[in-house]
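Got your viewer open? Here is a walk through the chains, one selection at a time.

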Amino acid sequence: MTDIAEPRLAGAWQDADWTKRRLRRRYRAERRFKAYGLVAVFVALGFLALLIGSVIVEGYPAFVRTSVALEVDFDPKVLGVGEAPTAEELQRADYGKLLREAVFAAFPEVTSRKERRKLLKLVSTAARFELRELLVDDPSIVGTTRRVWLTASSDVDMLNKGSAPRDVPEDERRLDDQQLGWIDTLHAAGFVETGFNGAFFTNADSREPEIAGIGGAIAGSFYMLLVTLVLTFPIGVTAAIYLEEFAPKNRVTDMIEVNINNLAAVPSIVFGLLGLAVFINLFHLPRSAPIVGGLTLTLMTLPTIIIAARSALKAVPPSIREGAYGVGASPIQMVFHHVLPLATPGILTGTIIGMARALGETAPLLMIGMVAFIVDIPGSPFDPATALPVQIFLWADSPERGFVEKVSAAILVLLAFLIAMNAVAIYLRRRFEVRF
Amino acid sequence: MQLTILLIAILALAVIGLYFGRRRALSAAGSNLGKLHSMPGYHGWYVALWCGIPSGIVLVVWLIIETPILEALLLSTLGPVVAEQSEAMIGLLLNDVRNLASGDVVSREVDPALQAAADRYASMKATAQAAVLAIGLAVGGAGFGWAWRRIAPSLRARNKVERFVNIALILSSCVAIVTTIGIVLSVLFESIRFFSIIPFWDFLFGLKWSPQTAIRADQVGSTGAFGAIPLFTGTLMITLIAMLVALPVGLFAAIYMAEFASPRFRNVTKPILEILAGVPTVVYGFFAALVVAPTFRGIGESIGLDVASESALAAGVVMGIMIIPFISSLSDDAIVAVPNSLREGSLAMGATKSETVVKVILPAALHGIVAACLLAVSRAIGETMIVVMAAGLAANLTANPLDAVTTVTVQIVTLLVGDQEFDSAKTLAAFALGLMLFVVTLALNIFALHIARKYREQYD
Amino acid sequence: MTEDSDAMVSLTMEDDAAPAAAGSAADTDAAPRMRMRARDVNVFYADKQALFDVDIDLALNKVTALIGPSGCGKSTFLRCLNRMNDIIDICRVTGSITLDDRDIYGRDIDVVQLRARVGMVFQKPNPFPKSIYENVAYGPRIHGLARKGRELDEVVEQSLRRAGLFDEVSDRLQQPGTSLSGGQQQRLCIARAIAISPEVILMDEPCSALDPIATAKVEELIDELRQHYTIAIVTHNMQQAARVSQFTAFFHLGELVEFEATEQIFTNPHDQRTQDYITGRFG
């Protein structure tokens with residue numbers, strides 16, 4: 001050993017200048033590298049802010065809507081009913097004419113057909129149903145004249161909320177100068193009002209943006225998640241119990257495990273194809289029904305829940321199991337009386353997160369026909385329905401400008417649900433988690 | 001609905017069984033409970049299972065065979081009228097009868113014959129369901145009686161109930177396998193039918209994709225072409241763009257989080273980044289179509305570039321954003337899993353943190369990061385909503401990211417959404433594409449899991 | 001080299017000399033020159049104090065062993081000497097530690113350079129996931145001590161020779177470092193540390209993960225390395241301390257109980273606790 005020469009590099013430390021320069025360079029590289037990392041984090045955060053921000057900016061106007069007041073003369077002759085109409089007569093009365101007359105009466109100076117048609121564009125075409133509802137609820141109105149607040153048309157609504165610009169050339173606007181004049185007149189008279197848009201949460205889909213709502217979609221999503229929960233929870237938990245507690249270590253068990261891991265990564269649209277081929281074409285279950293959506297989402301969510309439940313079971317220490325065996329419990333008693341209760345918070349957390357994912361899932365639902373245009377709120381899992389994310393997709397595809405704010409608002413509602421579910425999951429984990 | 005009644009009846013019967021089984025066990029034991037082999041509750045469960053399971057099986061079997069049996073019966077009463085019709089027409093007819101019977105809209109004029117058939121169908125259905133109700137209850141009752149009579153102190157009720165539970169557990173864990181088999185069979189069968197119309201190699205290597213086939217023979221101009229290459233290239237291009245966005249951002253974010261960030265910064269930032277992963281893809285699709293694509297188009301116009309309004313770039317970038325948290329959290333796991341001894345070894349050599357990361361930690365975590373990338377690619381290939389909303393429909397074979405391209409998932413959705421006739425090459429093509437998608441993503445996943453497992457072994 | 005020349009080069013970092021050459025003062029009987037001095041070193045982990053007023057000197061070309069029961073603070077002290085404790089956020093060090101009379105916690109000392117001058121070998125062999133060659137070349141590369149090619153090859157060969165590993169691995173330098181046996185891996189780590197010509201080498205229980213034969217080899221190596229470097233070794237094995245070290249420090253519950261020539265400690269300890277420990281009453 002002793003005859004080995006000194007490393008000739010040893011002297012390198014002596015060259016102070018050179019060392020310092022090199023060190024400075026290395027620290028510059030260090031700072032640069034760290035900056036890249038920080039930039040990456042902020043780019044990701046920026047994307048999130050942009051995403052949420054653009055949704056909020058676009059979406060919040062949808063939570064208010066514009067109403068227009070009209071002096072409506074509930075003339076039985078216009079309605080085409082008798083002086084004391086029956087309920088059935090009122091159902092069938094001519095509310096279109098009633099609405100037209102009321103609109104024309106507000107602007108008696110407008111007489112030409114063309115202008116009158118433009119005038120009618122100020123109120124929603126759905127206003128006639130609002131009039132019908134009013135009369136069916138209270139038939140005594142017939143023959144009187146009263147001021148009624150009716151939903152404004154989408155164009156007026158957007159103009160009023162500032163979503164559609166006023167100061168562009170006339171031919172780039174949906175409403176021309178004359179219509180703007182009428183709106184200003186109504187405004188000046190206090191006949192235009194904006195208020196909270198409760199109908200957005202209770203109405204179902206519609207072709208008219210101003211009365212379209214997410215009530216139907218929420219009901220559809222609710223039934224779908226109900227089916228999914230009722231099926232995934234027991235199946236997922238029992239499968240996890242078997243794999244974690246009872247399964248012998250052999251090739252079949254191995255295969256099931258690999259299978260579950262792979263299923264968790266299969267694209268969701270493939271589950272849609274499965275749902276279409278099996279539930280609809282083979283079992284003839286109704287298309288567009290939440291039951292089929294629920295079944296499809298069940299198959300999709302199951303792997304996630306099994307994996308979550310297994311890790312919750314795995315976290316229960318073996319000493320609990322040995323203790324249970326020690327007092328003479330059978331394996332099944334050991335699991336159901338001792339291990340499962342301890343693993344429950346973890347399992348519930350995993351289930352809620354799985355449900356949240358199922359709630360946001362869209363692609364498989366397109367495959368099984370839940371993209372239909374449905375104006376009724378479903379009353380059971382077997383009725384045709386749509387789901388909240390699918391509703392978002394449908395509206396995002398609509399050409400009407402009025403739907404843009406609806407999409408964003410629906411997204412906000414969806415995100416609110418997701419955040420609430422995740423918050424519950426986090427709360428459960430924090431509150432009940434037993435640390436071993 | 002009769003079946004709901006049956007379901008409720010079965011449940012009620014089971015609950016009654018639970019109660020009476022327990023009571024009988026108690027009375028059989030008399031004053032000496034120790035005589036019982038099993039706890040009274042197990043006797044209750046024993047009876048409940050014996051009445052619930054058999055009648056439940058009756059219910060399920062009926063649900064599966066109801067439609068085929070009723071249709072066969074209906075066809076036999078319709079007799080010669082339909083004998084000469086094609087299979088597809090019969091299917092359509094049956095569909096209408098079914099819909100008419102349940103009061104839904106039908107696709108044709110309702111003539112008296114159809115109405116009569118529908119009425120017959122409805123009455124047959126009602127009779128059959130009443131019969132099933134009766135059979136189900138009878139079977140349940142018989143099971144109840146049998147089990148009830150067998151209750152005795154020596155009955156090993158616990159073992160029997162537990163054996164049942166065991167079987168139920170095994171069945172549950174087989175659902176995953178059944179699902180996989182279901183996926184494989186459902187896409188495979190339809191694909192085989194598709195490939196009997198369109199040769200496999202024409203599909204795989206064809207350069208032209210225009211799936212509009214002629215519905216009537218005399219229709220002109222739409223022969224249909226099913227060359228999937230443009231879809232594959234489109235998918236690859238969007239995936240590539242997505243990875244170009246997600247990989248640097250995700251990886252650097254993961255490195256920063258794992259190696260440089262203070263615990264406080266990490267505790268605040270990490271959950272926020274995880275929100276990105278929880279945002280539904282339809283929201284990303286909206287963002288791509290209504291925010292990013294118009295912006296890119298505007299920028300392109302201002303610098304004189306022609307950017308398609310459904311450019312691959314917009315869809316790819318947004319998909320990249322979606323994948324960022326995926327890559328960053330998996331890479332974070334891989335980086336954190338690198339043993340601390342390597343980190344200390346490098347720092348003790350006088351390496352700076354960034355030198356340690358680049359020269360020691362990243363090579364050590366490489367397996368995990370590669371696995372993360374493969375999983376991310378698989379995710380990007382299978383992602384549907386973003387491309388459905390933001391990518392194009394026309395199958396352009398192009399390398400220009402500013403053009404519109406279409407992807408495999410977009411075409412599956414387009415082919416299957418809306419009116420469809422089930423046997424046409426057009427709908428079957430969707431299943432062939434689904435098969436491709438399934439095979440490719442499965443291969444990527446298996447490969448990724450394999451790499452990740454090897455990597456874990458390295459440090460265990 | 002003579003004492004004089006040693007004294008001349010020792011004062012500042014910039015013009016510091018290489019480690020003393022072979023066969024220098026190490027074997028003379030003159031009072032050893034101190035390379036590192038620690039005075040009143042206290043270490044706190046958050047609010048918990050782990051070391052209390054430790055004074056230890058590391059003598060040039062000597063091996064100093066740090067012994068004591070586990071948790072006594074000997075590793076903590078070792079990690080103060082190359083500021084490895086800096087990477088633990090909650091760790092705070094007070095007192096003074098000097099390397100060639102310059103405070104290593106001072107403002108003008110750069111931690112990266114300090115660690116290049118004070119090398120470290122860990123308890124568990126931790127070769128990087130690279131080839132044997134690249135493992136040894138790592139230090140010279142990051143510090144820019146050798147040009148790529150022949151110069152670097154030379155450094156690698158020399159370091160491997162010093163670590164007594166070259167003959168065993170010369171035909172497979174491109175294989176991964178992890179493919180070696182445990183003892184070889186540890187000697188690879190030693191080669192890696194000496195490739196940047198440190199002045200002091202710290203060893204944290206370098207043999208605890210090795211079998212007896214590998215341990216013997218590493219101990220032999222330590223004795224040879226002493227001629228070029230100043231070495232501090234943490235060990236829980238008293239025989240090992242007796243075999244390889246010239247000075248021994250006994251730690252107990254974060255206190256330095258006794259710091260003496262090894263012979264003195266093992267034959268005639270002053271303190272009752274030392275006596276009890278080396279006779280196996282506790283530990």
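How are α15(A) and α18(A) oriented to each other, roughly parallel or roughly antiparallel? To find out, select residues 331-360 of chain A for helix α15 and residues 402-432 of chain A for helix α18. Keep in mind as you look that this is a predicted model.

**Stop 1: a helix pair in chain A**

Line up your view along the two helices. They pack at an angle of about 170 degrees, and their axes are 9 Å apart. Angles over 145 degrees count as roughly antiparallel, so that is what α15(A) and α18(A) are to each other.

Now turn on side chains where the helices meet. On the α15(A) side, pick out Pro345(A), Leu348(A), Ile352(A) and Leu359(A), which are among the residues that take part. Facing them from α18(A) is a set including Leu414(A), Phe417(A), Met421(A), Leu428(A) and Phe432(A). Colour this contact by residue class and you should get 15 nonpolar, 3 polar and 1 charged. Arg429(A) in α18(A) also belongs to the contact, as do Thr349(A) in α15(A) and Asn422(A) in α18(A).

**Stop 2: the sheet of chain A**

Next, select residues 64-73 of chain A for strand β1, then add 145-151 for strand β2 and 192-196 for strand β3. What is the strand order in this sheet? Reading across, it goes β2-β1-β3 (chain A), an open sheet of 3 strands with antiparallel pairing. The edges are β2 and β3 of chain A, each of which pairs on one side only. Look at the twist too: neighbouring strands are turned by 35 degrees against each other on average, if you ignore direction.

Zoom in on the pairing with β2(A). β1(A) and β2(A) are joined over 7 bridges. Label Ser67(A) and you will find Thr151(A) opposite in β2(A); label Asp73(A) and the residue opposite in β2(A) is Thr145(A). Helix α6 of chain A, residues 127-137, packs on the sheet and touches β1 and β2 of chain A. The direction of this helix makes about 135 degrees with that of β2(A).

Then swing over to the other side of β1(A). The pairing of β1(A) with β3(A) runs over 5 bridges, and Val64(A) has Phe196(A) as its bridge partner there.

**Stop 3: a covered helix**

Select residues 154-161 of chain A, which make up helix α7. How many of the residues of this helix are buried? The count is 7 of 8, so to speak a mostly covered helix. The buried ones are Ser154(A), Asp155(A), Val156(A), Asp157(A), Met158(A), Leu159(A) and Asn160(A). Bring back the surroundings to see what covers them: β1, α8 (177-188), β3 and α18 of chain A are included. You have already visited some of those. Just after the helix, click on Gly162(A), where phi is positive, near 85 degrees.

**Stop 4: the domains of chains A and B**

Colour chain A by its domain assignment: domain 1 is 17-59, domain 2 is 62-197 and domain 3 is 215-432. The C-alpha centres of domain 1 and domain 3 of chain A are 37 Å apart. These two domains do touch, with 4 residues of domain 1 of chain A in contact with 6 residues of domain 3 of chain A. The domain 1 side of that contact splits into 2 nonpolar, 1 polar and 1 charged.

Do the same for chain B, where domain 1 covers 2-155 and domain 2 covers 225-459. Here the two C-alpha centres lie 48 Å apart.

**Stop 5: where the chains meet**

Show chains A and B together. Their contact takes 70 residues from chain B and 66 residues from chain A. Which element of chain B gives the most to this side? Select 157-197 of chain B: this is helix α6, with 19 residues on the side that touches chain A. By class, the chain B side has 45 nonpolar, 21 polar and 4 charged residues.

Finally, add chain C, with its 11 helices and 10 strands. Of its 283 residues, 47% are buried. Against chain B, chain C places 21 residues in contact with 15. To find that patch, select α3 (111-117), β6 (118-121) and α4 (132-143) of chain C, each of which supplies at least two residues. The chain C side comes to 11 nonpolar, 6 polar and 4 charged residues.

Methods. Residues numbered from 1 in each chain as written. Chains lettered and ligands numbered in written order. Predicted model: local features only at pLDDT ≥ 70, side-chain atom pairs only at ≥ 80, totals over all residues. Domains from an automatic or database assignment. Contact = placed C-beta atoms within 7 Å. Helix = DSSP H or I, 4+ residues; strand = E, 2+ residues; numbered from the N terminus. Nonpolar A, V, L, I, M, F, W, Y, C, P; charged D, E, K, R; others polar. Axes fitted to C-alpha atoms, helices over the stretch in contact; angles between N-to-C directions. Parallel < 35°, antiparallel > 145°, perpendicular 65-115°, else oblique. Buried ≥ 20, exposed ≤ 12 C-beta atoms within 10 Å, placed from the backbone. Pairing = 2+ DSSP bridges.
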